[in-house]
Structures are given as structure tokens and as C-alpha cells.
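Here are a few exercises to work through with the model open beside you. Try each one by eye before reading its solution.

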Amino acid sequence: MGRNTRKRRTPLATKAIAASAALALGGGGLVWANFYASAHEENRWSNNTRSAGAQIATISCPDVGLKLRKVPKQARYGVARELANLDKQITDAYTRLASTRQAQAGDPAFVQNAILGPLKSKRVAAIDRININIQRVGGTAPRGLEQLASCKGVPAEQPQPNDGNGDQNDGGQDNGQDNGQDQGQDNGQDNGQDNGNGQGQVGDNGNGAAGPVAADFVDITTVQPNTPPANGNGLKANGDTGSTGSFTTFCGVNENNNFNTDNLIVAPGVDNGARHTHDYVGNQGNNAFASDQDLDNAETSCQNQRDKSTYYWPVLRLQDGTEEFDQNELGGGAEGNLGRILKPETAEIKFVGNKQGDVVAMPKFLRIITGAANAFTGGDANANASWSCTGFEDRQLTDKYPICPEGSKVVRTANFQSCWDGQNIDSANHRAHVDFVEADGSCANGFQAIPQLQIRLVYDVPAPTFENGQVKTPFAVDGFPEELHKPITDHNDFINVMDEDLMDQVVDCINSGQDCQ
């Protein structure tokens with residue numbers, strides 16, 4: 001698959017990183033990826049007690065960025081660089097975790113002394129630099145950030161013996177309480193990977209990547225309906241009262257192969273700030289170094305050329321051994337995002353109203369992130385994943401991928417925050433300036449209702465198969481390697497670059513009850 005993103009990395013450096021990552025992310029069968037902790041269980045790591053020699057599947061660190069609610073604008077680029085550095089430190093530690101399994105087996109203190117301890121020291125230094133960036137421009141750094149420096153090793157759950165494929169068809173309705181613990185087979189081998197010390201060691205399902213695992217999938221036909229019926233195009237309407245209109249924009253499915261691993265919202269000015277590959281539709285100039293003016297002057301894939309907004313999301317991949325263009329690059333195969341990139345068959349982008357009343361115009365260059373790329377290890381407070389199948393969209397999954405029946409297709413839906421503080425186009429943690437509506441449709445804290453962006457992506461992807469407790473050729477969303485490609489980490493990003501006249505048209509259509517495009 002081609003791409004139209006610039007080449008920014010030297011081949012030699014890339015090859016060196018890819019070589020180390022191959023070991024960390026499946027080479028030699030060294031990855032312990034069979035980790036089933038629930039993404040919805042509160043304090044899910046604190047209740048896991050294991051012997052000193054227990055397997056550690058991944059690393060969980062507090063999210064420093066969420067604590068930064070007030071950062072002076074002059075300090076935001078420096079702070080963003082340090083937050084990206086904190087993310088990279090976690091990935092580097094995870095890489096070392098996955099490539100030192102023999103040493104861990106021989107030394108119960110290895111993980112703490114050789115991985116988590118040094119990681120804490122690096123995080124302390126990065127947090128110090130965040131504080132300095134804020135104070136240098138006269139700001140006040142939040143208290144207690146240094147308390148977020150410590151990370152934890154997350155233990156792998158031990159499979160129960162002789163239970164085959166377990167509960168992948170349990171409908172996902174148990175709120176994760178069984179955590180998939182009955183997946184796999186014991187037999188001292190754990191799916192054929194044995195470290196020679198009597199401990200079961202699970203590899204990479206033959207996919208070369210750490211996750212997903214069988215317990216991450218569920219047969220959608222076994223799931224009970226859990227959402228109100230969708231409207232005709234599969235998107236959930238906000239109700240029959242208030243502002244009932246809609247505006248649909250048609251921006252294609254990334255026919256231009258516009259991919260990169262940047263994140264202009266979270267990590268402006270940082271190359272590979274996302275550390276996974278994004279699909280982009282709409283604005284064609286979105287990269288880490290784009291200014292608002294650059295976005296305003298860029299081309300757009302939207303049919304309405306006045307919509308230069310950027311809509312982007314992590315790509316979905318089929319882990320079938322395909323070597324994509326980013327096989328050996330950062331953000332791609334070098335960081336565990338392997339397999340064939342799947343473009344959506346359709347990408348429906350729609351703005352709807354508020355069931356309490358009228359909406360107001362979004363400001364130009366408003367930035368919104370929905371969902372969280374670190375929702376598995378960092379907590380699910382901002383998780384907003386929604387997976388389903390065509391014909392079954394009254395059944396939405398957050399922490400499972402759907403197995404769709406023949407003739408049905410995989411659906412990813414993102415319903416964005418639709419309350420705005422009335423002042424800011426962004427905030428230091430990229431969350432505080434927008435919020436979700438209350439259950440009755442009202443906006444809390446004096447926020448104003450804005451058009452709600454809804455994105456629905458439909459994929460024609462083969463259903464995975466299962467063999468001896470392992471999933472074969474699964475599909476998975478791109479993400480940070482330490483997140484193990486869990487479905488709950490799905491997320492979506494938006495920057496409003498509509499011209500003001502078009503945004504006014506969007507608002508008029510919604511408030512007057514019209515369906516426009």
C-alpha cells in the first residue's frame with residue numbers, strides 16, 4: 001500500500017529499532033501476551049497478587065497528561081514533547097520487559113530492579129522538565145506530579161487447565177469479571193510456548209504482535225441488545241426533541257493513502273507522536289508540524305471543499321503476515337503494529353443536535369479527542385470505544401472485538417463530546433474544554449451544546465478463527481505496544497477547519513430539524 005507522507009527516519013536507525021522490536025514483539029516467542037485483565041474492573045491491578053516469579057505481561061503507568069489542566073500556552077509545546085517522551089519511555093520499558101524473559105525467570109527482582117526502577121527515574125526527570133517548562137513562563141505547576149512517576153508491572157492471568165477456547169462467545173456481558181481466564185490450555189505449555197521453568201509462556205498467536213488474544217473477541221449474535229435502536233444509517237440519533245436536524249459531510253475513506261504516525265493535537269511538533277498509524281480523511285495537510293494556517297491552506301478530500309476539517313483514527317489491521325509500507329518503521333512494525341492495513345468500506349461523518357435545545361457553532365480549529373489510546377493500562381476513565389456489526393448495532397461492545405456472522409461487517413462508531421466551554425479551542429490535557437452531555441442532554445458547568453460529531457466506519461474483514469485457545473489472523477486496532485491491541489483503546493480525533501459560513505449552515509440545519517449535506 002502506498003502513502004503520501006514524508007520520510008523522516010534514517011534507514012539505519014529504523015533497522016536497528018525494528019530489530020530490537022522484533023525480539024520484543026514476538027521474535028523468538030518471547031512475548032507473554034496472553035493477558036486477560038478486564039478493562040472495566042476498577043483498580044484492576046491492585047487486586048492481582050502473584051508469587052515473586054509471576055509473569056508480567058505489560059506495564060501500567062499513571063497518565064500525567066490528564067493532570068495538566070492549566071498549562072500556559074507558551075509552555076504547551078515543551079510540555080507536549082515531554083508527555084510524548086513519557087509515552088516513549090513506557091514503550092522502551094515494555095520492549096525491555098518482553099525481551100528479557102529468561103533473566104526474569106531466574107531473578108524475581110529483575111523486573112523491579114532492571115525495568116521499573118530505571119523507568120521511574122526517567123519519568124521523574126521528564127516530570128521535572130514539565131514543571132520547569134510551566135514555571136519558566138510564569139505558570140504554576142500542579143502539585144504532586146512527581147507522585148505519578150512510579151509504574152507497575154501488570155501480571156498475566158494464568159489460564160485454567162483444559163478449557164479450550166473458553167468464553168469468547170459469552171456475549172461480553174459479564175463486565176469482564178471472568179477476564180478470559182478460562183482461555184487456552186495449561187498442560188505446562190500454555191499454547192506450546194514453554195520457558196523451561198515450568199511456567200506457561202504465551203507467545204504472539206503466530207501473528208508477530210503482542211495481542212490481541214482469543215478472549216478479546218466475542219460472537220456478536222450472543223450479545224444482548226444494550227443500546228437504543230439506531231436510525232436508518234446506523235448512527236444513534238440524540239432524540240426526537242431539541243435540535244433534531246443533521247449535517248453529513250462526505251470525505252471518502254483515505255483514497256489518497258494519507259497515513260502518518262503523528263498526532264497534531266496531543267503531540268504538536270513531535271515526530272511519531274502517536275506511535276501508531278492513522279487514517280486521515282478531510283484535511284490532507286495534517287502532520288505534527290502543521291499550524292492552523294497550514295490546515296486552512298491545505299487540500300481536503302471532502303466533497304464540500306469548504307470543509308477542511310481533519311478526521312483521523314488509528315488504522316485497523318488484519319494480522320495476516322502482510323508486510324505493509326511501515327513494516328520496519330516507528331509507529332508501524334517497529335512498535336508492534338503489524339499486518340495488512342484495512343481501509344473502511346464506508347466512513348460516515350455526521351453532525352447531529354442536542355435533545356434539550358439548540359446548538360451553537362463550533363469555533364474554527366476546535367480540537368476534540370474521544371476515547372483513549374492508553375485505556376487498557378492507564379485506566380478507562382476516558383474510554384469511548386464502540387464496536388459492533390452491521391445488522392446488530394443495537395449491541396455495542398467496548399472491551400471486545402466483534403465476531404460478525406456471514407454477510408455482516410465490522411463497525412467502529414465514535415460519538416464525540418458535544419458540550420464546549422465557550423472559550424477554548426483546546427486545553428492542556430485536551431479534555432477539559434469539552435465534555436459529554438448529561439443523561440438528559442444538558443451540558444454541565446455552564447458549557448454550551450455544539451453539534452455532536454458521529455463517525456461510523458464499516459469494514460469488510462474476515463472473522464478470525466480459533467485453534468487450541470489461540471486466535472488466528474485476528475484484526476486489531478493500531479496502538480501503543482504495551483496496550484496489547486486491546487479493543488478498548490480505540491479512539492478518534494477531530495479538528496474543525498470548516499469555514500465559518502459552512503459551520504453556520506451546519507448549525508442552521510440541525511436547529512431547524514433539516515437533514516443536510
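**Exercise 1.** Leaving aside neighbours within four places in sequence, find which residues Pro487 is in contact with. Then decide whether Pro487 is buried or exposed.

*Solution.* Keep in mind that this is a predicted model.
- Start by placing the residue: Pro487 sits in the loop between strand 21 and strand 22.
- Next, collect its partners, using heavy atoms within 4.5 Å as the cut-off. With sequence neighbours within four places set aside, Pro487 touches Asp216, Ala385, Trp387, Thr398, Asp399, Lys400 and Tyr401.
- Pick out Tyr401: it is 86 residues away from Pro487 along the chain, yet their C-alpha atoms are 6.0 Å apart.
- Finally, check accessibility. Buried means under 20% relative accessible area, and Pro487 comes in at 1%, so it counts as buried.

**Exercise 2.** Stay with the loop between strand 21 and strand 22, and look at Glu483. Which backbone nitrogen lies 3.1 Å from a polar atom of its side chain?

*Solution.*
- The loop holding Glu483 runs between strand 21 (475-477) and strand 22 (491-495).
- Glu483 has a relative accessibility of 1%, so this one is buried too.
- List the contacts beyond four places in sequence: Ala373, Asn374, Ala375, Phe376, Thr377 and Thr489.
- Go through that list for the nitrogen, and you land on Phe376, whose backbone nitrogen is 3.1 Å from a polar atom of the Glu483 side chain.

**Exercise 3.** Work out the strand order of the open sheet that contains strand 22, and say which strands stand at its edges.

*Solution.*
- Trace the five strands and you get 5-6-7-22-11, with antiparallel pairing.
- Strand 5 (259-260) and strand 11 (367-371) each have a single partner, so they are the edges, and one side of each has no neighbour in the sheet.
- Now zoom in on one edge: strand 11 pairs with strand 22 over five bridges, antiparallel. Here Thr370 faces Asn492.

**Exercise 4.** How many of the six residues of strand 14 are buried, and which strands pair with it?

*Solution.*
- Count along residues 410-415: five of the six are buried, so strand 14 is largely enclosed by the rest of the structure.
- One pairing is with strand 12 (residues 387-389), antiparallel with three bridges; Cys389 is opposite Val410 there.
- Another is with strand 18 (residues 452-459), also antiparallel, over six bridges. In this pairing, Arg412 is opposite Leu457.

Terms used. Residues are numbered from 1 along each chain as its sequence is written. This is a predicted model: local features need pLDDT of at least 70, side-chain atom pairs count only at pLDDT 80 or more; totals for chains, interfaces and linings use all residues. Side-chain values use heavy atoms; hydrogens and water are left out. Helices (H or I, at least four residues) and strands (E, at least two) are DSSP runs, numbered from the N terminus. Buried means under 20% relative accessible area, exposed over 50%, partly exposed in between (1.4 Å probe, protein chains only). A polar contact is a pair of N or O atoms within 3.5 Å; within protein, one must be able to donate a hydrogen and the other to accept it, and residues adjacent in sequence count only if both atoms are side-chain atoms. Two strands pair if DSSP finds at least two bridges between them.
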